[in-house]
Amino acid sequence: MVGLRAGLRGMTNPQLWIAVVENGCFFALLGLAFYFNLTGAGFFNFGIGAIAMAAAFTGSWLVTEHGLSRPLAGVVGVLGAIAIAVVMELAVVRPVQARGEGELSALVAVGASLFTIIQLSGLFLGHEARSGQPFWSTAPFSVGSARVGSTVVPIVVITAALFTLSYLALQRTRLGRLTRAIGNDTDAARVLGLPINTARLLSFAAAGLIAALAGITFAGRSGVSPDNALHWTITGFLALVIGGTGTVWAPLLGGALLALANVFIPFYFGGDVLAYGLVVVAMLFFAFRPEGVFAPRVRV
Amino acid sequence: MSARLPNVAGVLGLVLLVVWAGSDLYRSSLLVTMLTYALVALGMYVPFVLAGSLSLSYSAYAATGAYAVAIGTAHAGWPLWLGMLVAPPVAAIIAVVLGAATMRLSGFYLGAVTLLFAEAFIQLLGNLGVTGGPSGIVGLPLLSFGGWEPSPQQTVLMAVVLTGVLALALDRLRRSPWGVVIRASREVPIAVDTAGVSVSVLNLVALGAGAAIASLGGALFTTYVGAVNPETFSVNVIFLAVFMPLIGGIGNPWGAVLGAAIVVHLTLNVDSLASSGTLLVSLSVLVILVLFPRGVLGFAGTAARGGTTLLTTVTKRGART
Amino acid sequence: MTRFRATIAGLLTLTVGTALTGCGSSGDDDNGDTVVIGLVCDTTGPGAGYATPACTATKETIDQVNADGGIDGKKVKVVQGNDESDPTKTPTVIQKLVSQGADALLMLTSSAGVLQAKSLIERTKIPVFMPVAANPQVTEPPSNTYLYQLGTPTSDWATVYCAAFDSLGAKKVAFLQDSSPSQVQFNKGLIDSLDCVDLDVVNGAIDATDLSAEVAKIKNAGPDAVLVATQNANFDVLAQNTLHQQLPGVPRFTELLLSSLPSAWAQAQPGALEGLVGLAGTTDTNTRTVEVAQFFAETEGADFRVNNFWTQSYDAVQILKQAIEESGTTDGEKLNAAIQEVTGFVASSGYPGFTLSFGDDKHLGADGICGLVLVEWDKDNQVAGPWSGYEPDCAA
């Protein structure tokens, strides 16, 4: 009886659901960035967390050290992130993948890129954590007994907008359909003479843009440091693989499930169990759904 | 490059390193760190490069080896070498159990789960009593075989022999019928299964063998340094172990050993206080992947063969001008 | 392209070549006219936040010692290494500095790395200071003969917290800690000694992106005060942001790290640190501290703010200097014995009258509780100064 009451107290606590929504949106956006890379280029870009970190970190540096306005610093951060993503594709991923050695070399290449971005950020902008400088935040307000922080509304709105735009772009535009076709079967696309390289480049740029917006907005909660990059990468990757890769909405579901685990495992079992809890949840989950909730369907 | 050449060059390189280290304690320490990384990378080579399975729990296997030595010595009063003998089977069992539990996963899905496992394993080591909790186990005695205590130089020599023998063995294994089958299972699993060989059993054997080799790396490090704690083999080691075969060249197990030597040189031996070892290593990986896809070994082979051609071309050009 | 590749290959060969030839030269530079101090600074890894200022402070102090004529007329030479807080690298970095003739080591890196090297340090037989480390595991037996810290044991922290809780009339206190094994072990002694209040321990994952669940549990318990017990700045700031938002009005306390990291204050939400009370190592009421702060401000600029990273690094060098002068030698074992003779060293940290002493079984330097200063943050997330609620007394 006591257990049931305690159980309900967690599930009916609006503050916890706000946390699920805020974290879920962030995880989902990172997952969406992964999804774009997977769709357009057919591989997992483990640099996503580093790109998100670099955008937020650079933006904060420009605001606090050089007095730029937040919107201007945000624009620079986003453009910088897109540039990093494009350079990664042109200078690293494309030459490595072009040799057709499978995913191993490309994986190691993006892993090395991840560490390079982390270390270069530390080298040029300092290793210490920085304050978040989101270009948009709202005044905190109350809903019933719960407090809604300054970054909740922006990240929800940005998530809704980016997912809708992504859906429209991939489903309704010619280039979007082309990108998905290329992701489905690159060889066939090449035979048909489709502009593979353009589509790949666009998917990298889109991933950079989404990761940057996610990082800059979420950093408004409690800052950003180069150390965040690896954790953000793993989180975004998990959001995507849990959701599955079958639809553009999958990362949203994956992010939500991951946020539920991150909020309610500590509430019911304690934060010290989170590491074990995530392994058990991941193992059980993948044992039943090895390709995520929305598995890609083979189009015949 | 002839098949024998890397083996000869590898053995020669190790001999040179032993001579270079001599009785210098700093150089011996460098060498032990390099051999530790090399053993972890060689362990990872089996499932990762041969079988194409992205199992990332290698920090956990290295830690298993380290703790087998430390717990055996500190709690059971074993000599250190007994722990080194116990470590490989224990690590292999853990790897096979984890491998069986994640049998249906492949590629990046397997990578995600095994990475989470590695992180949870570090947490577990810090929470248990027998592992000494977060402080780990310190103050282990020196290596001793029934009264004979080898000098640091002799310990390094034994570690070099162990690593060299394992690299040679893995090279033989790679070219043996078993190696051919497991490499085939990476490319065409269905064909191998149809031929009556169970791909899942092959994978489990590869995982177990790899974990056993990696555990020797952890055991070596703890034996030499006399201490271990939960953060000794962190997730960092996993990424280094993934990078090393690529740096050296994935065509041959010796690539992992060469990669370890380069990583240790860049992170510990280069006197660059302001810049970080991690940055140097990551940049080297990028340069090598983009420009020298077959790693340093592959490039050395090409260069050796191409040298004469290049020389001829240059001479001809010189003659023309 | 071929020529480009050849150039790169040549560079790589050269780099590897240096490994085999010169670079690791192990010449013993200690020819009697110099004192060699080895400095392990994690300036690029996870410890960079505290190791960078502490490393700068140590080098500036050594420069001053040299400018004043050195130690016993000998110049001090610094040899430096970076282990990036990676325990597989720490022993080799120590060996490198020892091979370069280091007579003593100052370690500004993670506890995990130094724990890894404990057996090696015991065999190497030269004194090793961890000037700014708060984690006492490192200097506990076994293998602690040559290891020293300047910090205060957690049982003394408990005395200070208990007095502070008492001054607020707080009986029921929530204790929010990060659940990393090293923090849990560190806090164990503190929790055992905090028997003055009814303590409710809540664990949060160290790399959590959210602590709403942990704070909700605290809120359900209805405590009179909350102590955030972590040495991880990100965790601390996230906790303070969440507590400020969801438990406004409940007094908040923190451990020693946050007061020394102004960059972390900037991470907090506007006003989130207002009223927070934390442990610090320095106060303007100590004239020694003010002198040392002025010395550092000469090179660091006018807006320099002193904290215990700077004063403890300064003191560690001075203690080493005193021990070498007393013993008249840099021989490791004799120097170690001389360090254990150091008593009543007037520190540049803490309240006036705070001293450091070492001994055979005293490897944590602090004498008494007045090395700890309780400070309070203002509405601009800046440390306003000592907390008015309670002031640790050197006589206690």
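Which residue in β15(C) does C:V375 stand opposite? The views below come from a predicted model, and the first one holds the reply.

**View 1. Two strands of chain C meet side by side.** Here C:V375 stands opposite C:P386, which belongs to β15(C). The strand β14 of chain C covers residues 373-377, and its pairing with β15(C) is antiparallel, over three bridges.

**View 2. Step back a little and a sheet of seven strands appears in chain C.** The sheet is open, and its pairing is mixed. Going across it, you meet the strands in the order β7-β6-β8-β9-β10-β14-β15. At the edges lie β7 (198-204) and β15 (383-386) of chain C, each of which pairs on one side only. From one strand to its neighbour there is a turn of 25 degrees on average, with direction ignored.

**View 3. Two helices of chain C lie across strands of this chain.** Try finding helix α8 of chain C, residues 212-221: it lies across β6 (172-178), β7 and β8 (225-229) of chain C. Its direction makes an angle of about 165 degrees with β7(C). Now look for helix α9 of chain C, residues 233-246, which lies across β6, β7, β8 and β9 (252-254) of chain C. Helix α9 runs at about 160 degrees to β8(C).

**View 4. Chain C touches chain B.** This contact is built from 37 residues of chain C and 46 residues of chain B. On the chain C side, the elements giving two or more residues are α1 (2-20), α3 (90-99), α4 (111-116), α5 (118-124) and α7 (181-193). The biggest contributor to that side is α1(C), with seven residues. Sorted by character, the chain C side has 15 nonpolar, 15 polar and seven charged residues.

**View 5. Look inside the largest nonpolar core.** This core counts 340 residues, and A:L30, A:I210 and B:F243 have the most contacts inside it. Helix α2 of chain B, residues 25-50, supplies the largest share, 19 residues. Zoom in on A:I210: leaving aside residues up to four places away in sequence, it touches A:L29, A:L32, A:A33, A:F36 and A:L162.

**View 6. Chain A has twelve helices and two strands.** Follow the sequence and you will read the pattern α-α-α-α-α-β-β-α-α-α-α-α-α-α. The radius of gyration of chain A is 20 Å, close to the 19 Å that the globule rule gives for 300 residues, so chain A is as compact as a globular protein of that length. Along its principal axes, the C-alpha trace spans about 65 × 50 × 35 Å. Of the 300 residues in chain A, 57% count as buried.

Terms used:
Residues numbered from 1 in each chain as written. Chains lettered and ligands numbered in written order. Predicted model: local features only at pLDDT ≥ 70, side-chain atom pairs only at ≥ 80, totals over all residues. Pairing = 2+ DSSP bridges. Helix = DSSP H or I, 4+ residues; strand = E, 2+ residues; numbered from the N terminus. Axes fitted to C-alpha atoms, helices over the stretch in contact; angles between N-to-C directions. Contact = placed C-beta atoms within 7 Å. Nonpolar A, V, L, I, M, F, W, Y, C, P; charged D, E, K, R; others polar. Core = buried A, V, L, I, M, F, W, Y, C linked by C-beta atoms within 7 Å. Buried ≥ 20, exposed ≤ 12 C-beta atoms within 10 Å, placed from the backbone. Rg over C-alpha atoms; globule rule 2.2 N^0.38 Å.
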